[in-house]
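Let's take a friendly walk through this model together. Please have the sequence and the 3D view at hand.

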Amino acid sequence: MISRHQSMAVSMQDQQQKSSAFHPHLKRGLVASLMVVAALGMSACGNKDKKGGQTIAVVNGEEITQHQLNNEMMLLNVPAAQQEAAQKQALESLVNVQLLVSQAIKDKTDRDPKVMQTLERAKSQIIAQAYMQKKLASVVKPTKTEIEEYYKKNPQFFGERKVFDMKQIQFAAKDLTDEVKKMLDAAKSLDEVAAFMTEKKIQFGRGNVSRSGSDLPEQMTSKLLSMPKEQLFQINEAAAVTLLQIAEIKDAPVSLEVASRQIEQFLLSKKNKEASDAEIKRLRDSAKIEYTKTASASASASASAAASAASASAK
């Protein structure tokens, strides 16, 4: 039976945040995705002398330099064995970009207000990111002692880590009617739920899933460990409802040696965020920031319009 206090509303965002804490990754900057935009901006300004480096190609009078190609290869991060082929492809890519940029300037696309606004935004973000990366370069990596301390303080993720093997049924949130809720409150097994869904012709999926304690929010992990093995529990999300039943709980400890690298990355990310937040606070505290009535009214109008649209969509 699923009582109200056993029903858990856990968002995917919470699960992803917990998961990412132990599988961290470094976010790449905006440079690669905004390369064409940046190239358009530089060419539009006619900064031919600022490209730097030996000329390796000339496209309708516009130079492509070794420096540009080197930057491109650095962004691609190609293995050494593939460097030669990748350089050829990268050079052709730069040629294609230059052709597009030149044509865009002829068509005055670079003077389009939306393009100019995008260029300005890209420039601001790239400069801001470069500044912050420079500030974060001084952040000290976690020490061996810090890593060991974190490992000991979080046994549920490491030394006492558990893996939950579960059976599940999932269906669309829109099908969670009062009748279905009443059935779920009284259900004692997934077979019972499946039979009801089939009878009512409600589409659902059924399968097995395994999750470790480090993949789940801490509150949920504690709840799972305290629940009877056959107890059903429910996760409500925006798009779907998932019913789960624990089949088996297995010990799956992770040694300090194995976990050290992940812990180091997590702690470093945490330090970087703290340093970044501190720098933003310092700059805001020392700055004179004024919000005009016009800007406030505009923001309020935009928010109101977005709320109205969301309300209309919900209806």
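Phe-157 is a good place to begin: its relative accessibility is 4%, so this residue counts as buried, the cut-off being under 20%. Keep in mind as you look around that the model is predicted.

Next, turn to the aromatic rings. A search of the whole structure turns up four aromatic pairs. One of them joins Tyr-151 and Phe-158, a stacked pair with 5.2 Å from centre to centre and 25° between the planes. The rings of Phe-157 and Phe-158 meet in another way: their centres are 6.4 Å apart and their planes stand at 80°, so this pair is edge-to-face. The angle decides here, because planes over 60 degrees apart count as edge-to-face, while those under 30 degrees count as stacked.

How accessible are the two partners of the stacked pair, Tyr-151 and Phe-158? Tyr-151 has 17% relative accessibility and therefore counts as buried. Phe-158, at 3%, counts as buried too. Stepping back, ring pairs link Tyr-150, Tyr-151, Phe-157, Phe-158 and Phe-266 into a cluster.

Now move along the chain to strand 5, residues 232–236. Four of its five residues are buried, so strand 5 is largely enclosed by the rest of the structure. Which strand does it pair with? Its partner is strand 6, residues 240–251; the two run antiparallel and are joined by five bridges. Three residues lie between strand 5 and strand 6, and together the strands form a hairpin. To find your way across the pairing, look for Asn-236, which stands opposite Val-241 in strand 6.

Definitions and conventions: Residues numbered from 1 in each chain as written. Predicted model: local features only at pLDDT ≥ 70, side-chain atom pairs only at ≥ 80, totals over all residues. Heavy atoms only, no water. Buried < 20%, exposed > 50% of the residue type's maximum accessible area, 1.4 Å probe, protein only. Pairing = 2+ DSSP bridges. Phe/Tyr/Trp six-rings, centres within 6.5 Å; stacked < 30°, edge-to-face > 60°.
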